[in-house]
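Visitor: I've got a chain open on my screen and would like a hand reading it. Can we start with the terms and then go through the sheets and the odd spots?

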Amino acid sequence: MLRRDFLKVSAASAATAFAVSGRAQAAAIPEAATMKDPATQMPYVPTTGPDYNPVVTLNGWTLPWRMNGDWKEFHLVAEPVVREIAPGMKAYLWGYNGQSPGPTIEAVEGDKVRIYVTNKLPEHTAVHWHGQRLPNGMDGVGGLTQPAIKPGQTFVYEFQLRRAGTFMYHPHADEMVQMAMGMMGMFVVHPKDPAERRVDRDYCFLLNAFDIEAGSYVPKINTMLDFNLWTWNSRAFPGVDPLIAAKGDRMRVRIGNLTMTNHPIHIHGHEFTVTGTDGGWVPPGSAWPEVTVDIAVGQMRSIEFAADEPGDWAMHCHKSHHTMNAMGHTVKTYIGVKLGDIQKKIAKTAPGYMAMGDKGMADMGSMEMPLPDNTLPMMTGFAQFGPIEMGGMFSVLKVREGLASGDYKDPGWFKHPEGTVARLVETEPAAPPRQGRVDPKAAPAKYRVVKPTKMKHE
Ligand SMILES: [Cu+2]
């Protein structure tokens, strides 16, 4: 699955004391794996070194490593990449090893890691290991703790992993631009004892955001707040894979936020506890139950729950504009307006004009709207009962009975036991929906249920 490139470092490219230079050293650098597929890859099971229960990176993958003496060696390549945000839309981003976000780095508490970083970007970079305890000179802040890595250079970072937990990596050089372009990745450190804090399925992903104008491919790099694509690991719904659980599984989801705003992440049907923060594990006695956890900018949160309710459970950011894809901020509100033939009149001077949403915007979930090339519908996605009308930071937690432990395949839509789906009741014909302003003096419409259908219990 992994297409491996052999690194070609020019002997002339390295200049500073920290840079790796010369053909002899270049030959000693591990090959840089690269990934073309935006689908969730299977966990990277360790074959050497200490044992651990590997994570599954949502719509991502784990960076292969090799042991060299007692060092675990990794090789990241910072480079321009093409990322499919969802079927029908690609973005020209910057990332690592063929993808944005970069591959997840996984290792074990106590490991000595040696991470080579090759810069194939058109400008300098540096990699900061967000949340790690390490020697100051390994912290990856260009100018402050090291010279920046110039285009064509390879630097090496060496440190020992002093604590287990969920971390991230991202540039700390021309940071606003490089993060707006998609440069970031997860860094998971497992406990030394694989039995400690063990779960059955351990998912991770980053919250990120882009500002990509409809019909274009390159994110705007000077956007501060008005991002228009809200993504999990640089994927927008319906491009986000479902999270799969066997009924009874102990689940962990590790989430890091590298957008410029907070995201209240909500899971339906289950309570979870926050078991890890940026600072490490939450002592079990201090963990409290939630159904929504707010993740602030620069934070990481690990949440855990027992997947004990079979079904297709929505999981999403609770900011409702974050579960939509690129939308015009100038769309007018027409709810309650009698549009009549205004639309036809405007269309005469502006062909193709559509006055949107005189009854709401739900029509957009099912309509085939003419869209510019390389643009995702604002609300989209279909399931067994119709349009889901979502986009952006949305996925589905699929809990099923009898899944094998390593089975991460999408099991399809949930088959609900008879009598357990919200259903239509027979009523007298309801008053027609009101358009226009509500007259406060008007009598309320009468809705009388004449024959409730009986609930069938097995
Ligand atoms: Cu959000």
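Guide: Sure, one term to begin with: two strands pair if DSSP finds at least two bridges between them. Helices (H or I, at least four residues) and strands (E, at least two) are DSSP runs, numbered from the N terminus.

Visitor: And what sort of model is this?

Guide: This is a predicted model, where local features need pLDDT of at least 70, side-chain atom pairs count only at pLDDT 80 or more, and totals for chains, interfaces and linings use all residues. Residues are numbered from 1 along each chain as its sequence is written.

Visitor: OK, how many bridges join β23 to β26?

Guide: There are 6 bridges between strand β23 (residues 311-317) and strand β26 (residues 394-400), and the two run antiparallel. To find the spot, look at Ala314: its bridge partner in β26 is Val396.

Visitor: Which sheet are those two in?

Guide: They belong to an open sheet of 5 strands, in the order β15-β26-β23-β17-β21, with mixed pairing. The edges are β15 (243-246) and β21 (292-295), each with a single partner strand, so one side of each has no neighbour in the sheet. Twist from one strand to the next averages 20°, where axes are lines fitted to C-alpha atoms (for helices over the stretch in contact) and angles run from 0 to 180 degrees between N-to-C directions.

Visitor: What about the sheet with β7 in it?

Guide: That is an open sheet of 4 strands, again with mixed pairing, ordered β7-β12-β11-β9. Here β7 (105-108) and β9 (127-130) are the edge strands, each pairing on one side only. The average twist between one strand and the next is 20°. As for β7, 4 bridges join it to strand β12 (residues 185-190), and they run parallel. Val108 has His190 as its bridge partner in β12.

Visitor: Switching topic: is β16 mostly covered or exposed?

Guide: Mostly covered, since 7 of the 9 residues in β16 (residues 249-257) are buried. Buried means 20 or more other C-beta atoms within 10 Å of the residue's own, exposed means 12 or fewer, and partly exposed is in between, with C-beta atoms placed from the backbone. For the chain, 40% of the 458 residues count as buried.

Visitor: Which strands does β16 bridge to?

Guide: Strand β13 (residues 201-210) is joined to β16 by 7 bridges, running parallel. Leu207 has Asn257 in β16 as its bridge partner. Strand β22 (residues 300-307) is joined to β16 by 8 bridges, running antiparallel. There, Val253 has Ile303 in β22 as its bridge partner.

Visitor: Now the odd spots. Where are the cis prolines?

Guide: One is Pro101, with a cis peptide bond from Ser100 and omega near -5°. Pro101 sits in the loop between β6 (89-96) and β7. Another cis bond joins Phe237 and Pro238, with omega about 10°, and Pro238 is in the loop between β14 (229-232) and β15.

Visitor: Anything else in that second loop?

Guide: Yes, Asn233 lies in the loop between β14 and β15 too. Its phi is near 50°, a positive value in a residue other than glycine. Asn233 counts as buried because it has 27 C-beta neighbours inside 10 Å.

Visitor: And Asp174, what is its phi?

Guide: Near 40°, also positive and also in a residue other than glycine. Asp174 is in the loop between β11 (165-171) and α2 (175-180). With 19 C-beta neighbours inside 10 Å, Asp174 counts as partly exposed.
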